[in-house]
Amino acid sequence: MSPSRLPLSLDWEDWFQLCCPPFDRPGALDRYECRLELATERSLALCADLGAKATWFCLGDQARRHPGLLRRIAEGGHAIALHGLTHRRAFEMDRGEWRQAVRDGKALLEDLAGTAVRGYRAPEWSLRGAAEDWWKDLPELGFRYDSSRVPLAVIGRPAWPRRPHPLAAGFWELPPPVLWSGPVRMPLWGWGPRVLPFSLVRRALETLAQEDAGTPLVLHPWELDVEQPRLPGLTLGHRYTHGAGLRGYEGRLRDLWDGFQLTTLEAWVESR
Ligand SMILES: [Zn+2]
């Protein structure tokens, strides 16, 4: 066990796959330019340069379109986990529909990637609200951990634990990192590390690594794609969280992550 260990996760989705209509509907994959291959190659190269093995939370609809790319990720020694059959939020389905989509998505990824799928992360952390207890179905469906419960308002619950913890015997919750624990909090993924002061983020990561608590870093491949087009019709909030600080982010990440041993979430769970 290394004191500098940090699990790394990537949510494998294309640049336009926001969790709101029309971007999360099946037709979106035909409507917008596909840039997933380019973004995936950049992410794989970044991982290779840093000696990182990561968990890739993958979408079934993208896996069907890019089975070769999915296999390349798996062959690179990364772990394949499930982000959904599509990028639709869990709580927008009924429980039976969600369960079936999770079952089908897991089987599809395992078939295409030729590797076991043990982790789940709902699109936009959507095991919340009406879907707050649905994680209870995951062990029975063959999962070892979930990474969908964020200790933040709006996209989760501030009262939820900030560090990985068992939700049931042998089943873990690995929440993403959040800066600060009071009423004011920031996500340490997405726009957070793109715009917050470098030293503040780096110190927070060093603390997480020292704790070795299994808190996963989170990256979207499209965050390395500065040339991506602008999406029409976004709210001001969406435009900011999606686009702020993209320029130069890859270089910033190389410095932010320098010196850490970046591992899969599966490796961390297995070591418990
Ligand atoms: Zn997502």
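In which sense do β2 and strand β3 (residues 79–84) pair, and over how many bridges? In this predicted model, the two strands pair in the parallel sense over 5 bridges. The protein contains 10 helices and 11 strands, and buried residues account for 45% of its 272 residues. The points below take up the overall dimensions, the strands around β2, the nonpolar cores, helix α2, a hairpin, a buried loop residue and some backbone values.

**Overall dimensions**
- For 272 residues a compact globule would have a radius of gyration near 19 Å, and the value of 17 Å found for the protein agrees with that expectation.
- The C-alpha trace spans about 45 × 40 × 40 Å along the principal axes of the protein.
- Of the contacts between residues at least 6 apart in sequence, 76% join residues that are at least 24 apart.

**Strand β2 and the strands beside it**
- Strand β2 (residues 55–59) is mostly covered, with 5 of its 5 residues buried.
- Thr55, Phe57 and Leu59 point one way from β2, while Trp56 and Cys58 point the other way, and all of these residues are buried.
- β1 pairs with β2 in the parallel sense over 4 bridges, and within this pairing Asp11 stands opposite Phe57 of β2.
- Phe57 also has a bridge partner in β3, namely Ala81, so that Phe57 links the account of β1, where Asp11 stands opposite, to that of β3.

**Nonpolar cores**
- The largest nonpolar core has 56 residues, and those with the most contacts inside it are Leu6, Trp56, Cys58, Ile80, Ala81, Leu82 and Leu109.
- Leu6, when its neighbours within four places in sequence are left aside, is in contact with Leu205, Leu208, Ala209, Leu217, Phe260 and Leu262.
- A second core, separate from the one above, has 8 residues, including Leu18, Leu36, Trp222 and Leu224.
- As general background, nonpolar side chains in soluble globular proteins tend to be buried together.

**Helix α2**
- The 15 residues of helix α2 (residues 36–50) should span 21 Å at 1.5 Å a residue, and the C-alpha atoms at its ends are indeed 21 Å apart, which agrees.
- The buried residues of α2 are Leu36, Ala39, Thr40, Ser43, Leu44 and Cys47.
- Viewed down the axis of α2, these buried residues fall within an arc of 135°, and they therefore line one face of the helix.
- The general geometry behind such a pattern is that an α-helix has 3.6 residues a turn, so residues three or four places apart point the same way.
- Ala45, Ala48 and Asp49 lie on the other side of α2 and are exposed.
- The cover over the buried residues of α2 includes β1 (5–12), α3 (60–65) and α4 (67–75).
- After α2 comes Gly51, which has a positive phi near 65°.

**The hairpin of β6 and β7**
- Strand β6 (residues 165–168) and strand β7 (residues 171–173) pair in the antiparallel sense over 3 bridges, and Ala168 has Phe171 of β7 as its bridge partner.
- The hairpin has 2 residues between its strands, and Gly170 takes a positive phi near 75° there.

**Glu223, a buried loop residue**
- Glu223 lies in the loop between β10 (217–219) and α8 (236–243), and it counts as buried because 27 other C-beta atoms lie within 10 Å, where the cut-off is 20 or more.
- Not counting residues up to four places away in sequence, Glu223 touches Leu246 and Tyr249.
- Glu223 and Arg247 are 24 residues apart along the chain, and their C-alpha atoms are separated by 9.0 Å.

**Backbone values to check**
- Most residues other than glycine have a negative phi, and most peptide bonds are trans.
- Val154, found in the loop between β5 (145–146) and β6, has a positive phi near 70° although the residue is not glycine, and Val154 is exposed, with 9 other C-beta atoms within 10 Å.
- Trp180, in the loop between β8 (178–179) and β9 (186–187), likewise has a positive phi near 70° in a residue other than glycine, and with 11 C-beta neighbours inside 10 Å Trp180 counts as exposed.
- The peptide bond from Pro21 to Pro22 is cis, with omega near 0°, and Pro22 lies in the loop between β1 and α1 (28–31).

Technical notes
Residues numbered from 1 in each chain as written. Predicted model: local features only at pLDDT ≥ 70, side-chain atom pairs only at ≥ 80, totals over all residues. Core = buried A, V, L, I, M, F, W, Y, C linked by C-beta atoms within 7 Å. Buried ≥ 20, exposed ≤ 12 C-beta atoms within 10 Å, placed from the backbone. Contact = placed C-beta atoms within 7 Å. Expected span 1.5 Å × (residues − 1). Arc of directions from axis to C-beta. Rg over C-alpha atoms; globule rule 2.2 N^0.38 Å. Pairing = 2+ DSSP bridges.
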